[in-house]
Every structure is written in structure tokens, then in C-alpha cells.
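Subject: Structure handover

Hello,

Here is the structure I said I would pass on. My notes on what was found in it follow below.

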Amino acid sequence: MNRGIDKRLKILSSHIAAMASEKEAALAAVSSADGPTIFDKIIRKEIPANVVYEDDKALAFRDLSPQAPTHILIIPKIKDGLSGLSKAEERHCEILGYLLYIAKVVAKQEGLDKGFRIVINDGPDGCQSVYHLHIHLIGGRQMNWPPG
């Protein structure tokens, strides 16, 4: 009986620690919101990523800190001032729609036939830690609600 409780407490404790570090990363990232990001380096192939989809407009790769069995980030290859969703302008409508379409394509490719979740973090309160718009495609398990 105690082992089950201990195991759940350990899982809860590690989850709380991960949430705290996500918040810290989001707050720290605000200061570099206008500069180049790690995603720019991934696009330029300066640092490796486990790419699952790429074309001339978008890049999709596995998240290094997955929150589910499938956790993929989908980014525009050209930032064009789109550091976050709150920075979107009418000129970004085409790429925003395209990124959602690519999320559907990648979800199908990954076998997420039973469903998936799309998440876009925006700003420090939204826990955005990289200021280059990105879509989280999360699936492979039952999602919970509310999410956070």
C-alpha cells in the first residue's frame, strides 16, 4: 500500500519540479524574445533535431522533453516577426493555417488516429520558453482536462 502512495508522490513531485523549471525557463526567455532562438539553429542545421517532417515552409521535430508518447514541435521556417501567436498579423494567416494543416499531416503520419492535442504557448504567463512561434502536437495517450 505504501509503495503505491510513495510512487505516486514521487511522480507528483517530479511533475511539480518540471512545471517549476518550465515556468523559470519561460520567464528567462522573455529577455531574448527578439533575438535568434534555438529553433533558428535547428532550421539552419547547426544543431541536430529528430526531424519528422520538413518542406520549404515548415519543420517538425520531436520535443527533447516530451510530455506524452508523441510530442512534436512544428515551426515556420521563416519567423517573419512571428515570435508568438500574440504577434500575429493578417499577413501571417497563410502560414498559421499551413502549420495547423501540417500538424494534421504529422498526426496521421504518427498514427494518432484516436486523437491528439495542439498547444501554442504564448508569453511568460503562457509558459512560452522559445520566442519563435511553435505548435506542440501531443498524443499517444489519453489527454486530461483542464490541461494546466
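Let me start with Lys79, which is buried yet has no salt bridge. The nearest side chain of opposite charge is that of Asp40, 4.6 Å away. A salt bridge needs a side-chain nitrogen of Lys or Arg within 4 Å of a carboxyl oxygen of Asp or Glu, so Lys79 and Asp40, at 4.6 Å, do not form one. What does the side chain of Lys79 have within reach instead? One of its polar atoms lies 2.9 Å from the backbone oxygen of Tyr131. In sequence terms, Lys79 belongs to the loop between strand 3 and helix 3. Please keep in mind throughout that this is a predicted model.

Overall layout

The protein has three helices and five strands. Along the sequence they come in the order α-α-β-β-β-α-β-β. Of its 148 residues, 34% count as buried. Taking the contacts with a separation of 6 or more, 59% are between residues 24 or more positions apart.

Salt bridges

The structure holds seven salt bridges. Three of them are described here.

One is between Glu54 and Lys77, with 2.7 Å between the closest N and O atoms. Glu54 is in strand 1 (residues 51-54) and Lys77 is in the loop between strand 3 (70-76) and helix 3 (93-109), so this bridge ties together parts that are 23 residues apart in sequence. Both ends are partly exposed: Glu54 has a relative accessibility of 36%, and Lys77 has 21%.

Another joins the side chains of Lys57 and Glu94, at 3.6 Å from N to O. Lys57 sits in the loop between strand 1 and strand 2 while Glu94 sits in helix 3, so here the parts tied together are 37 residues apart in sequence. Glu94 counts as exposed, at 61% relative accessibility, whereas Lys57 is partly exposed at 34%.

The third is between Glu89 and Arg91, whose closest N and O atoms are 2.9 Å apart. Glu89 is partly exposed, with a relative accessible area of 44%; Arg91 is also partly exposed, at 48%. As for bridges that share partners, they join Lys45, Glu54 and Lys77 into one network.

Lys57 in more detail

Lys57 has a further role in these notes besides its bridge to Glu94. Its charged end sits over the ring of Tyr98, 4.7 Å from the ring centre. Which residues does Lys57 touch, not counting those up to four places away in sequence? They are Ile75, Pro76, Lys77, Glu94, Ile95 and Tyr98. Lys77 in that list is the partner of Glu54 in the salt bridge described above. Between Lys57 and Ile75 the C-alpha to C-alpha distance is 8.6 Å, with their positions 18 residues apart in sequence.

The aromatic pair

A search of the whole structure finds one aromatic pair. It consists of Phe39 and Phe61, arranged edge-to-face, with 5.6 Å centre to centre and 70° between the planes. Phe39 comes from helix 2 (residues 38-43) and Phe61 from strand 2 (residues 58-62), so the pair ties together parts that are 22 residues apart in sequence. Are these two rings' residues buried or exposed? Phe39 counts as buried at 5% relative accessibility, and Phe61 is buried at 3%.

Leu99

Leu99 is found in helix 3. How does this residue stand in terms of accessibility, buried or exposed? With a relative accessible area of 0%, Leu99 is buried. Leaving out residues up to four places away in sequence, Leu99 touches Ala58, Ile74, Ile75, Pro76, Leu133 and Ile135. Ile74 is 25 residues from Leu99 along the chain, and their C-alpha atoms are separated by 6.9 Å. Two of the residues touched by Leu99, Ile75 and Pro76, are also touched by Lys57.

Regards

Definitions and conventions:
Residues numbered from 1 in each chain as written. Predicted model: local features only at pLDDT ≥ 70, side-chain atom pairs only at ≥ 80, totals over all residues. Heavy atoms only, no water. Phe/Tyr/Trp six-rings, centres within 6.5 Å; stacked < 30°, edge-to-face > 60°. Helix = DSSP H or I, 4+ residues; strand = E, 2+ residues; numbered from the N terminus. Buried < 20%, exposed > 50% of the residue type's maximum accessible area, 1.4 Å probe, protein only. Lys NZ or Arg CZ within 6 Å of the ring centre and 35° of its normal. Lys, Arg positive; Asp, Glu negative; His and termini not counted. Polar contact = N/O pair within 3.5 Å; in protein donor to acceptor, adjacent residues only side chain to side chain. Contact = heavy atoms within 4.5 Å.
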